[in-house]
Amino acid sequence: MTMETLEFQAEARQLLQLMVHSIYSNKDIFLRELISNASDALDKLRLAKLQDGLEADTSDLHIEIEADAEARTLTVRDNGIGMTRDEVVELIGTIAKSGTAELLGKLKEAKESPELIGQFGVGFYSTFMVADKVTLLTRKAGTEGHGTRWESEGAGTFTIEDAEDAPVGTTVTMHLRPKDEDDALYDYTDEWKIKEIVKRYSDFISFPIRKGDEVLNSQKALWARPRSEVTEEEYHQFYRHISHDWTDPLEIITMKAEGTFEYEALLFIPSRAPHDLFQRDARRGLQLYVKRVFIMDDSKELIPDYLRFVKGVVDAADLSLNISREILQQDRHIQMIRRRLVKKVLSTIKDLMTSDAEKYATFWREFGRAVKEGLLAEPDNHKPILEIASFATTEGTEPTTLAAYVERMKEGQEEIYYLTGENRTQVENSPHMEAFSAQGYEVLILTDPVDEIWTDVVTEFDGKKLRSIARGSVDLPKDEEKPEPEGDFGPLLGFLGTKLEEQVKEVRLSHRLTTSAACLVSDSDDITPALEKMYRAMGQDGPRVKRILELNPNHPLVSGLRAAHERGADDPGLPDTAELLYGTALLAEGGDLEDPARFAKLLADRLARTV
C-alpha cells in the first residue's frame with residue numbers, strides 16, 4: 001500500500017497543539033511514557049505466547065534506548081507485540097471519547113502536570129514536547145509480510161505507509177528540538193540525562209532497559225522487596241506507572257502470605273478519584289503476576305467493584321501461567337486472596353480514621369460513594385464498611401461516623417435517625433425534620449443515590465436500628481410546649497381520605513410537624529419514592545406505591561380546613577383545597593406533580609380570591 005496522509009481526530013489535534021507548544025516544566029516524562037508503553041507491549045507478547053500459543057521468540061524481551069547526538073535523535077525500541085496498520089491509526093490518530101473533554105480541560109489548567117496524559121492512555125503524544133518530528137516503525141507479532149511506518153510533525157496530519165524492513169515490535173524515533181534549559185528542554189541525547197530519567201521513573205520495569213551493552217534499570221519487583229528497602233519515591237513512581245495518575249498515592253499497602261498458598265501484594269489507595277470511577281466501561285482491577293510473570297492487567301476477580309479505585313499488583317506463586325479469566329472466577333485461591341485483600345484495605349482505612357484524620361477525610365470525600373456500594377454487594381462486610389463510613393449530619397458541618405453518632409444519642413433514644421434526599425438543603429428544609437430539629441435530635445443527611453438503596457438493606461449498626469424519619473409513625477417524647485389540637489379531626493380525615501384516595505393510602509394527624517401544614521410519609525415496609533423512581537428508570541416497572549398524608553393539627557390551614565368542613569362538607573372549594581394540600585406536601589419534599597398545569601391553575605384561582 002502506498003503512503004497515505006491522514007488527519008488527526010479533532011481532539012487529538014488539540015492535544016498535539018498543547019504538546020507542541022508545551023509550557024510544562026517536566027518534559028522528562030515523555031521517556032517514562034514510551035518505556036511504559038514498551039513494557040506493556042512486551043507483557044502482551046509473552047502473554048500471547050503463554051495463553052494463545054502465539055509462535056514468538058520471547059527468550060530476550062527487552063527495551064533498547066539509542067541516542068545520536070549528531071543527528072539529534074533519540075530512539076526507544078522494543079521487541080514486543082507490535083501493531084498492525086489499523087491499530088496504529090486507531091491508537092495514535094484518535095483519542096478514546098471517554099473523558100476527552102475532561103482531559104483537554106485539565107491539561108490546559110494543569111500547566112505543571114502533563115503527567116496526567118498517561119491516565120487517559122495517550123502518553124505517546126508527550127513525545128511532541130521534545131521533538132519536532134516523530135517516526136514510528138512497527139510490525140505485529142505473528143503476522144506475515146510487512147510492517148508499518150508512521151510519521152508526523154505534530155501538526156494536523158500524519159503519514160502512514162507499509163515498511164518491508166520492519167522487525168517485530170515497535171521503534172519510536174524522536175527528532176529532538178534544540179536544547180533550551182530555560183524552557184526545561186534538556187539534551188535528551190545526553191547519556192547522564194537518559195540514565196537519570198530511567199532510574200527515577202522506570203527502575204522497577206521487569207524487562208531490561210538497555211543502552212548499548214549497559215542495562216540501566218534494576219528490574220527488581222518492588223512488591224518482592226522488604227518495605228524497609230524501598231523508598232517512598234520508588235513506590236510513588238511505581239504507582240504512577242501502573243495507574244497513570246500523576247499525583248502521589250494516599251496510602252501504600254504491602255502484604256505477604258506464606259504457607260500453603262503464597263502470594264505477595266502491593267496496593268495503593270489513590271489520593272483522588274479517577275475521572276471514570278462511575279463509568280461502566282472503565283478499566284478496573286489489579287495486575288496479576290505468577291512467579292514475577294505478568295498475566296493480566298485488570299483482574300476484576302482480585303478486588304470487588306466497590307473497591308475498584310484500588311490500584312496495585314498481586315503476585316501468586318501457585319497459579320498456572322496460562323490461567324484464564326474463567327478459571328480465575330472459580331479458583332478458590334483467588335477467592336481467598338480477594339477476601340484477604342478486602343479485609344486489609346478496609347482495616348487500613350479504619351486505621352487512617354485514628355492515625356491521620358486529614359487523609360481519611362480525603363479518602364471518604366473521593367471514594368465514599370463507591371465504598372457504600374459494598375453494603376449492597378457484600379453482606380458479610382456490612383460491619384467493617386459501616387465502621388469506616390462517614391455521613392453528613394444535622395449536628396454541625398463536618399461528617400460523622402456512626403460510632404460517634406451513637407455516642408451522642410440522647411438519653412432514651414434507641415434508633416439512629418436518617419433522612420435521604422437529593423441535596424443537603426432539601427433534606428434540612430424537609431417537613432419530616434421539624435419535630436426532630438425542635439427537640440434536638442441529630443439526623444443523618446444522606447444525599448448519595450446509593451443511600452436510597454443500601455438503607456433498604458442494612459437495618460442496624462452496633463445494635464441500634466437505622467430509622468428513616470420519613471417512614472412509619474414517629475414516637476418522639478411529647479412536646480410539652482405544643483398545644484393540644486382543638487376539635488374533632490375525624491370527619492375531615494375521612495373526607496380527605498376519600499377525595500385523595502387515588503393519591504394516598506391514608507390521611508392522619510402528624511406528630512412530626514411543627515411548622516408545615518402537611519407532609520407525605522412512606523409506610524414502614526414500603527419503598528421510598530426516590531427508590532421507586534430509580535427502579536422505574538432501570539425499566540423495573542411495578543404498581544405505584546401510595547403514601548400516607550400527615551396533617552399538622554396546629555397549623556392554621558389545617559384547623560381552618562377542619563372548621564370549613566364542619567360548616568359545610570359539600571363546600572365546592574374543599575376538594576380543590578385538598579388537592580392543593582397534597583400538592584404542597586409533595587413539592588415540599590422535592591417530589592414531582594402529576595399535573596403541574598392543573599396545580600398551578602388551582603393555586604392561581606385560590607390566590608386571586610385573596611387579593
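Looked up Ala-518 to begin with: its bridge partner in β22 is Leu-551. Note to self that this is a predicted model.

Next I followed the two strands around that pair. β21 and β22 (residues 547–551) run antiparallel, and I get 4 bridges between them.

Then I asked what sheet they belong to. I find an open sheet of 3 strands, with the order β20-β22-β21 and mixed pairing. The edges are β20 (504–509) and β21 (518–521), each of which pairs on one side only. For the twist, I have an average of 25° from one strand to the next.

Which helix lies across β20 and β22? I have α16 down for that, residues 490–499, and its run makes about 160° with β20.

Moved on to the other sheet I had on my list. This one is open too, has 9 strands and shows mixed pairing. I wrote down its order as β1-β6-β5-β4-β7-β3-β2-β8-β9. At the edges sit β1 (4–7) and β9 (214–215), and each pairs on one side only.

Zoomed in on β4 (residues 131–139) and β5 (residues 147–152): they run antiparallel, joined by 5 bridges. Within this pair I picked out Val-134, which stands opposite Ser-152 of β5.

Last entry, the helix on this sheet. α2 (residues 29–52) packs there, and the strands I see it touching are β2 (63–68), β3 (73–78), β7 (169–176) and β8 (209–211). I also checked its direction against β3 and got about 20°.

Terms used. Residues are numbered from 1 along each chain as its sequence is written. This is a predicted model: local features need pLDDT of at least 70, side-chain atom pairs count only at pLDDT 80 or more; totals for chains, interfaces and linings use all residues. Side-chain values use heavy atoms; hydrogens and water are left out. Two strands pair if DSSP finds at least two bridges between them. Helices (H or I, at least four residues) and strands (E, at least two) are DSSP runs, numbered from the N terminus. Axes are lines fitted to C-alpha atoms, for helices over the stretch in contact, and angles run from 0 to 180 degrees between N-to-C directions. Contact means heavy atoms within 4.5 Å.
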